[in-house]
Amino acid sequence: MEQGNYKNTKRRVLILFILRVCLWIVALGSTAYWIYYSVRLHMDGIFAPEQYSPMLRPVLYTCLIIAIVAICMSFVLHAISNKIKR
């Protein structure tokens, strides 16, 4: 019975690790998108703060919220994984 419990625990920890990796990829993608959007605004010739800020702000805030939530969820899954290991 002990061997089956070990395999089940190992499988659950692996699944949580894969989910955490996916969440970090989402956070990285979100961050990369607002950086790309900022560069694209500059490439379009938008440099004035009066134009640049209102256009970037909604994208920046949305992407930052997505990244922060994904990272926080990853830390929660890490805590659950540690609890399962014990």
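Reader: Hi! I'm new to this one. What counts as a helix here?
Author: Welcome! A helix is a DSSP run of H or I with at least four residues, numbered from the N terminus. Keep in mind that this is a predicted model.

Reader: Thanks! Where do Tyr33 and Tyr36 lie?
Author: Both are in helix H1, three residues apart, which is about one turn of the helix.

Reader: And how do their rings sit, stacked or tilted?
Author: Their ring centres are 6.2 Å apart with the planes at 45°, so the pair is tilted. An angle under 30 degrees would count as stacked and one over 60 as edge-to-face.

Reader: Which residues make up the aromatic cluster there?
Author: Tyr33 and Tyr36 form one cluster together with Tyr37.

Reader: Are Tyr33 and Tyr36 buried or exposed? What do the numbers say?
Author: In between, in fact. Tyr33 is partly exposed, at 39% relative accessible area, and Tyr36 is partly exposed too, at 45%.

Reader: How many aromatic pairs are there in the whole structure?
Author: Searching the whole structure gives three aromatic pairs. One of them joins Trp24 and Phe75: the ring centres are 6.2 Å apart and the planes meet at 85°, so this pair is edge-to-face.

Reader: Which parts does that pair tie together?
Author: Trp24 belongs to helix H1 and Phe75 to helix H2, residues 49-85, so the pair links parts that are 51 residues apart in sequence. Trp24 is partly exposed, with 40% relative accessible area, while Phe75 is exposed, with 52%.

Reader: Nice. New topic: which residues form the nonpolar patch on the surface?
Author: The patch consists of Leu14, Phe17, Ile18, Val21 and Ile25, and together they have about 470 Å² of accessible area.

Reader: Where is Ile18 found?
Author: Ile18 is part of helix H1, which covers residues 2-43. Its relative accessibility is 45%, and because anything from 20% to 50% lies between buried and exposed, Ile18 counts as partly exposed.

Reader: What about Ser30, buried or exposed?
Author: Ser30 is buried, with a relative accessible area of 7%. This serine is in helix H1 as well.

Reader: What is Ser30 in contact with?
Author: If you leave aside neighbours within four places in sequence, Ser30 is in contact with Cys63, Leu64, Ile66 and Ala67.

Reader: You mentioned a cysteine. How many disulfides are there?
Author: The count is zero. Cys22 is in no disulfide, and the nearest cysteine sulfur to it belongs to Cys72, 17 Å away.

Reader: Why is there no bond from Cys72 to Cys63?
Author: Cys63 has the closest cysteine sulfur to that of Cys72, but the distance is 16 Å, which is too far for a bond. A disulfide needs the two sulfur atoms within 2.5 Å.

Reader: And how accessible are Cys22 and Cys72?
Author: Cys22 counts as partly exposed at 41% relative accessibility, and Cys72 counts as partly exposed at 44%.

Reader: Last one! Where does Asp44 lie?
Author: Asp44 is in the loop between H1 and H2. This residue is exposed, with a relative accessible area of 53%.

Reader: How are Asp44 and Ile84 separated?
Author: Along the chain they are 40 residues apart, and their C-alpha atoms are separated by 51 Å.

Conventions
Residues are numbered from 1 along each chain as its sequence is written. This is a predicted model: local features need pLDDT of at least 70, side-chain atom pairs count only at pLDDT 80 or more; totals for chains, interfaces and linings use all residues. Side-chain values use heavy atoms; hydrogens and water are left out. Patches are made of residues with over 30% relative accessible area and no salt bridge: like charges are joined within 9 Å, nonpolar side chains (Val, Leu, Ile, Met, Phe, Trp, Tyr) within 5 Å. Accessible areas come from the Shrake-Rupley method with a 1.4 Å probe; for residues, only the protein chains shown count as cover. A salt bridge is a side-chain nitrogen of Lys or Arg within 4 Å of a carboxyl oxygen of Asp or Glu. Helices (H or I, at least four residues) and strands (E, at least two) are DSSP runs, numbered from the N terminus. Buried means under 20% relative accessible area, exposed over 50%, partly exposed in between (1.4 Å probe, protein chains only). Rings of Phe, Tyr and Trp (its six-membered ring) pair if their centres lie within 6.5 Å; planes under 30 degrees apart count as stacked, over 60 as edge-to-face and the rest as tilted. Contact means heavy atoms within 4.5 Å.
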